[in-house]
Amino acid sequence: MKKQILVTGGIGYIGSHTVVELIESGFEVIIVDNLSNSSIAALNGIGEITGKSPLFEKLDVCNKSQLRSFFEKHAGIVAIIHFAAFKSVGESVSNPLKYYYNNLVSTINLLHFMKEKDIPYMVFSSSCTVYGQPDELPVSEEAPVKKAMSPYGNTKQVMEEIISDTLASTPSLKAISLRYFNPIGAHPSALIGELPIGIPDNLVPFITQTAIGIRDELKVFGDDYNTPDGSAIRDYLHVVDLAKAHVVALQRLLNKQNKENYEVFNLGTGEGVSVLEAIKSFERATGEKLNYKIVDKRPGDIEKLWGDTSLANKELGWKAEKSLDDAMLTAWKWENYLQKRK
Ligand code: NAD
Ligand code: WQD
């Protein structure tokens, strides 16, 4: 029986890009997704890019009985890449139970079946949000996890703990948590990309929607931060680079190269970019002029955050390679494709 990789949330933004990289690296993939924050059109995109159609089941990972039948049907799964989660920071503040339920129960269910069905490996989507505003930059994996700034952020902290505790009690299980910084951009084909539902919270979809005329102007949240140009700084990472890191992390587990049962890696570029620099990059890469205005800071935003990625560089042999301009250009191509598809 061929070894299969289960990708939860594989129709979503980062998941769909990772599925492409997995297929292109020769893996057989099964996707489960309940399409709560994605469109099945991404499955066609994956098919067009790779020439292969991964198996897909519409399923809620929180539904234990559905999941049981799924694992009984698919006995060849050797590893899980777990993307499925809700991710809106603002919504998690207004509806914390929705976030605690979906993010925690899905992860607990998967760990349960990993134990029961002897599926030894998990790659888990964590986030730089676990660091809050760190005392030192760039922030390394050694930095203390600070009190979460939102229920969403707390779900990531608690899930990391749940995974680590479960592995400690069941040494046959191994996992890698990947703490992403700010993923942006799209596949160069522009056939898959980020699909914000409603008004985007994140910077780059807001930029592309403004440039294409869906939004009147981008609001730049604050220009009086303690940063060189006054706007806030983040570590923006091309989603294709991020997707590739999942393949490497998976191979590390499958090839038993992991040094601990549970490992954590930052995934970013290691470079901080301000909001105003991000706008300039978009304008340079696309030739579009962006209408923006400086407004007050967004409540709860941190001032500056970028990652120390030397551990991932050394241990995974992975480095972000694509440029910010390339990420902006692909995000723009994707926005144009989306508007045509409507
Ligand atoms: P996304 O919303 O595009 O993808 C998540 C997918 O999971 C969606 O397709 C959604 O339908 C599915 N899903 C959610 N709950 C489910 C459930 N109970 N059962 C089955 N499917 C379910 O989000 P994304 O940006 O691709 O994020 C993927 C992961 O990476 C998430 O865990 C997110 O928290 C994490 N992450 C994202 C970012 C970011 O900025 N995008 C940064 C750090 C971490
Ligand atoms: C980036 C910068 C904004 C929109 C979020 C989550 C975090 C993680 C990554 C998942 C900030 C500024 C934004 C706009 C703006 N996700 N901005 N105008 O805040 O780093 O983090 O995504 O784990 O948990 O909180 O990303 O894209 O929202 O903002 O000026 O309309 O752009 O103030 O400085 P953020 P973002």
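## A tour of two ligands and three helices

Start at proline 138, which sits in the loop between S5 and H6; helices (H or I, at least four residues) and strands (E, at least two) are DSSP runs, numbered from the N terminus. The peptide bond leading into proline 138 from leucine 137 is cis, with omega near -5°. This is a predicted model, in which local features need pLDDT of at least 70 and side-chain atom pairs count only at pLDDT 80 or more, while totals for chains, interfaces and linings use all residues. Residues are numbered from 1 along each chain as its sequence is written, chains are lettered from A and ligands numbered from 1 in the order in which they are written, and side-chain values use heavy atoms, with hydrogens and water left out.

**Leucine 35.** Go next to the loop between strand S2 (28-33) and helix H2 (41-50), where leucine 35 is found. Leucine 35 is not a glycine, yet has a positive phi of about 60°.

**Ligand 1.** Select ligand 1 and the 28 residues around it, a residue being near if one of its heavy atoms lies within 4 Å. Asp33, Asn37, Ser38, Asn102 and Tyr152 come nearest. Then display the polar contacts (pairs of N or O atoms within 3.5 Å; within protein, one must be able to donate a hydrogen and the other to accept it, and residues adjacent in sequence count only if both atoms are side-chain atoms). A polar backbone atom of tyrosine 13 is 2.9 Å from an oxygen atom of the ligand. At valine 61, a backbone N or O atom lies 2.9 Å from a nitrogen atom of ligand 1. For lysine 156, an N or O atom in the side chain is 2.8 Å from an oxygen atom of ligand 1. Ligand 1 taken alone exposes 820 Å², and the protein buries 96% of that (accessible areas come from the Shrake-Rupley method with a 1.4 Å probe; for residues, only the protein chains shown count as cover).

Colour the shell by element: helix H1 (13-24), strand S5 (121-127) and helix H6 (151-169) each give two or more residues to the shell around ligand 1. S5 gives the most, with 3 residues. Coloured by class, this shell has 14 nonpolar, 10 polar and 4 charged residues (Ala, Val, Leu, Ile, Met, Phe, Trp, Tyr, Cys and Pro count as nonpolar, Asp, Glu, Lys and Arg as charged, and the others, Gly among them, as polar).

**Ligand 2.** Now select ligand 2, which has 19 residues around it, with Ser127, Tyr152, Lys219, Arg234 and Asp301 nearest. Tyr152 is among the nearest residues in both lists. A polar backbone atom of phenylalanine 221 lies 2.9 Å from an oxygen atom of ligand 2. In the side chain of arginine 234, an N or O atom is 2.5 Å from an oxygen atom of ligand 2; for the side chain of aspartate 301 the distance from an N or O atom to a ligand oxygen atom is 2.5 Å. On its own ligand 2 has 690 Å² of accessible area, of which the protein covers 88%.

Helix H7 (203-211) and strand S8 (218-221) are the elements that give two or more residues to the shell around ligand 2. S8 gives the most, with 4 residues. The shell divides into 10 nonpolar, 4 polar and 5 charged residues.

**Helix packing.** Finish with helix H9 (residues 275-286) and helix H11 (residues 324-341), which pack at an angle of about 65° with their axes 8 Å apart. Axes are lines fitted to C-alpha atoms, for helices over the stretch in contact, and angles run from 0 to 180 degrees between N-to-C directions. H9 and H11 are therefore roughly perpendicular to each other (under 35 degrees counts as roughly parallel, over 145 as roughly antiparallel, 65 to 115 as roughly perpendicular and the rest as oblique). Add H7, which packs with H11 at about 55°, the axes 10 Å apart; H7 and H11 are therefore oblique to each other.
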